[in-house]
Amino acid sequence: MRRFGTQGPVYPEKHYIVNRKAELDEFNARVEDGRYIVIFAPRQTGKTTFFHWSLETLTTQNPSYLTIRLDFQVMRNISEVIFYQRLYQMFCRELKQELEKTKITVSSELTRLLESTQLTDSFSMITFFQDLSGLLQNRKIVIIIDEFDGIPTEVVSDFLYALRPIYLSKEPKCPHSVGIVGVQSIAQLNYDRSISPFNVQDEFFLPNFTLEQVHELLGQYTEEVGQTFETEVIMSIHKQSAGQPFLVNRLAQILTDELDIPKTKTIKMNHFTQAHNRLLHEHNTNIDHLTTNIRRNPRFENILMRITASDDGLHFNLRDDQISELATFGVIKQGADGMCEIANPIYFYCILQTFKPTINGLEQAYLPEDTRDGFLDYLSKSGHIEMDALLDNFRDFIARVGFSILQVPDTPQESVGRHLLFAYLEQFVLIVGGFMHIEVQISNRKGHRRDTMLFLTTARIRNNLRK
């Protein structure tokens, strides 16, 4: 039986997959046109998987292509000479495998070239590709470089400059097409801040899953196993993740593998609530990357707290280094109104968790002196949350503590109110045995208020009251 994949590339024979036919067709059309393409997107968005599929599709449709896969992940701390030596070793290994796979007779001239060449710098690389071009028997080489931002700093500029004249040369050129895949953009890698040496690039955008694609993904599981999902569950998976591939697959993985739901039972919203709560509080590589990245720069907290504010915000300006970096890491995106938005509600919750003080010193003042049952006072007899009363008490709490809120440790004054509200609601949820998730509602009409709301789930609350 196939599974939902969350670790590394996914394979159709092992995993449920989203068929990105439209994106594959667009990408391969650019390759056939000889474009040099870059895609820079956050980790775990399906880049590596996508390019593996694209090369397989390309060679299936047109056997004249020889596809070369390179990976710069372990190159970062090596010298220029060692970089070009390893580059050549990887290239030759891949080329020989392609030649064997396509059953091409290797000429003696090509054999001599491969055995005698030594790459030591960008000039020798240009010469090698020029010599190789005339020995390929009308075959076209396509190179995909994964983890490109692992390239050594001292090499990046000259390496890109070397690709530029090849791209601008007359046909046939070698390589015919190059795809550069990474997290940081060319501009961010170009540390000397000069004009990019690779201004011939054609940028390619790989989007998150649409709601229809999430339906498609989960539908494959239902077809194989027979277990169905409530429509609201599918919509909630997409809404809370905004279609981020890892988060979609992780939620599906928890629902189908880890909650022990009988396969004869429909997966319902109470199941989704449990899966969502588990995802929010577990350690996984995606959330760990998020929290590591938002701690990189002390200014990020102020920026992110302003973005989350209901009556304020920031314009999505990629010329601002901090905003550009947060967008690169997949933390924020541009909203329909041109303002910055947190990428999805799951990240929103984790961001608030990350910056919330572990102890704010005001916990004992959350409730008034005349409270009877503590936070249970804000539940009705049927176990529903009396939200108006709960939030009225938070307002009264702020009045009770007065200027003490300015003494919350290690917290910028402009975001202390939001941190306190989040901590107050988390304490309530912990006491009454519920779950909390974030719902982000953003108007598409410019000038309208941007609302962020916290929703509390009472599925477990009613169960606790019955005990």
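What follows is a dialogue on the terms used for this predicted model.

Student: What should I know about the model before reading its values?

Tutor: This is a predicted model, in which local features need pLDDT of at least 70 and side-chain atom pairs count only at pLDDT 80 or more, while totals for chains, interfaces and linings use all residues. Residues are numbered from 1 along each chain as its sequence is written, and side-chain values use heavy atoms, with hydrogens and water left out.

Student: What makes strand β2 mostly covered?

Tutor: A residue is buried when its relative accessible area is under 20%, exposed when over 50% and partly exposed in between, with a 1.4 Å probe and protein chains only. In β2, residues 65-71, five of the seven residues are buried, and in the protein chain of 467 residues 51% count as buried.

Student: Why are β2 and β3 called paired strands?

Tutor: Strands are DSSP runs of E with at least two residues, and helices are runs of H or I with at least four, numbered from the N terminus. Two strands pair if DSSP finds at least two bridges between them; β2 and β3 run parallel and are joined by seven bridges, so the definition is met. Within this pair, Arg-69 stands opposite Ile-144 of β3.

Student: How do you know that β1 and β4 pair, and which residue of β4 is the bridge partner of Tyr-36?

Tutor: Strand β1 (residues 36-40) and strand β4 (residues 177-182) run parallel and are joined by five bridges, and the partner of Tyr-36 in β4 is Val-178.

Student: Why does one side of β2 and of β5 lack a neighbour in the sheet?

Tutor: The open sheet has five strands in the order β2-β3-β4-β1-β5, with parallel pairing. Because β2 and β5 (202-203) stand at its edges, each with a single partner strand, one side of each is left without a neighbour in the sheet.

Student: What makes a space a cavity?

Tutor: On a 1 Å grid over the protein atoms alone, a cavity is a set of points where a 1.4 Å probe fits but cannot get out, and lining residues have an atom within 4 Å of a point. The structure holds three cavities of 30 Å³ or more, and the largest cavity has about 110 Å³ of space, a volume being the space filled by probe spheres set on the points, which are joined across faces, edges and corners.

Student: How is the lining of the largest cavity classed?

Tutor: The lining has 13 nonpolar, no polar and no charged residues; Leu-70, Leu-87, Met-125, Phe-129 and Ile-143 lie nearest the centre of the cavity. Ala, Val, Leu, Ile, Met, Phe, Trp, Tyr, Cys and Pro count as nonpolar, Asp, Glu, Lys and Arg as charged, and the others, Gly among them, as polar.

Note on methods
On a 1 Å grid over the protein atoms alone, a cavity is a set of points where a 1.4 Å probe fits but cannot get out, and a pocket is an open set with protein on both sides within 12 Å along at least five of seven lines; lining residues have an atom within 4 Å of a point.
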